[in-house]
Amino acid sequence: MYYSPLNLYKVFFEDLNKKDFKSTWVYQNKIFYIIINIKIYNRFFKQIIKIVPNYLLFVEHNNVYTLGKIGSYQNLLLNNKNIIIYKIDRGGDITYHGPGQLVCYPIFDIINLSLDINKYLRLIEEVIIQLIYNYCVKGYRIYHETGVWVYTRKICAIGIKVSRFVTMHGFALNVNTDLSYFKNIIPCGIKKSVTSLNVEKINHIDILEVKLIFKNKINFLFKIKFL
């Protein structure tokens, strides 16, 4: 292994606030391929010539549907709200992004974090489970499914892309989300209902507080340090 221990767990953090999906996707890809090219460069020279960075992005998108690599347009039931649909390169099926939803894109070299893909996904779920527990909402995993559930209602969808152990895309946590947009799709191809933190708590949730709690939880569970 040629990675410097000085680089372990250090993550550049950026809150993009409200930003459209397409430009965020382009930005993610730029970072993603910079990291991959650095890894290829270092592997060629068989030593760490350049530091391999990690990034974590927060964003809140405008109304949009995204369809993963294995997704089917049959799961788009009705697009009567004239929302843009993007066919993208993450795993999973169709989902919705929009205002009041915290979307997080970790662009991590998971080798840096001593993780494989399965452990990475389970840790993301654990971060969300611990986060919503701060609001006295009990989150669950469902066997053979990815994401976090409150009873049988999905509160957080996860869909990623991995190449050379570098991740992109991430998760979407429904905080104050308008859940009516989910009625136009079969979210993630699963015929189950969705929920959000504000529905479970029956009051508006401060999304800035949610972001702070998330950063604290991921700091602890992933053993990372934000730069």
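This report walks through the sheets, helices and cavities of a predicted model.

## Confidence

Let's start with how far the predictor trusts itself. The protein has a mean pLDDT of 90, with 94% of its residues at 70 or more. Residues 1-8 are where to be wary: their pLDDT is below 50. That stretch still makes 17 contacts in the model beyond its near neighbours in sequence.

## The seven-stranded sheet

Seven strands make up an open sheet with mixed pairing, and reading across gives β7-β8-β9-β6-β2-β1-β10. The edges belong to β7 (148-150) and β10 (225-226). Each of these has a single partner strand, so one side of each has no neighbour in the sheet.

At the β10 end, the partner is β1 (residues 10-18), which runs parallel to β10 and is joined to it by two bridges. In that pairing, V11 sits opposite F226 of β10.

## The three-stranded sheet

There's also an open sheet of three strands, again with mixed pairing, in the order β4-β3-β5. Its edge strands are β4 (84-87) and β5 (94-97), each pairing on one side only. Ignoring direction, neighbouring strands here are turned by 25° against each other on average.

Strand β3 (residues 64-67) pairs with β5 in the antiparallel sense, over four bridges. If you want a spot to look at in the viewer, T66 stands opposite T95 in β5.

## Helices on the sheets

Helix α1 (residues 21-45) has contacts with strands from both sheets. On the seven-stranded one, α1 packs against β1, β2 (55-60), β6 (101-107), β8 (153-163) and β9 (166-174), and its direction makes about 145° with that of β9. On the three-stranded one, α1 lies across β3, β4 and β5, this time running at about 25° to β4.

Helix α2 (residues 117-133) lies across β6, β7, β8 and β9. Its angle to β8 is about 150°.

## Cavities

How many cavities of 30 Å³ or more are there? The count comes to two, and the largest cavity holds about 70 Å³ of space. Its lining is made of 12 residues, and those closest to the centre are K154, A157, N174, F182 and V194.

Which strands supply at least two residues each to that lining? Both β8 and β9 do, and β8 gives the largest share, with four residues. By type, the lining of the largest cavity divides into eight nonpolar residues, three polar and one charged. To tie this back to the helices, the strands touched by α1 include β8 and β9, and α2 lies across both of those strands as well.

Conventions
Residues numbered from 1 in each chain as written. Predicted model: local features only at pLDDT ≥ 70, side-chain atom pairs only at ≥ 80, totals over all residues. Heavy atoms only, no water. Pairing = 2+ DSSP bridges. Contact = heavy atoms within 4.5 Å. Axes fitted to C-alpha atoms, helices over the stretch in contact; angles between N-to-C directions. 1 Å grid on protein atoms, 1.4 Å probe; cavity = no way out; pocket = protein on both sides within 12 Å on 5 of 7 lines; lining within 4 Å. Points joined across faces, edges and corners; volume = space filled by probe spheres on them. Nonpolar A, V, L, I, M, F, W, Y, C, P; charged D, E, K, R; others polar. pLDDT = per-residue confidence, 0-100.
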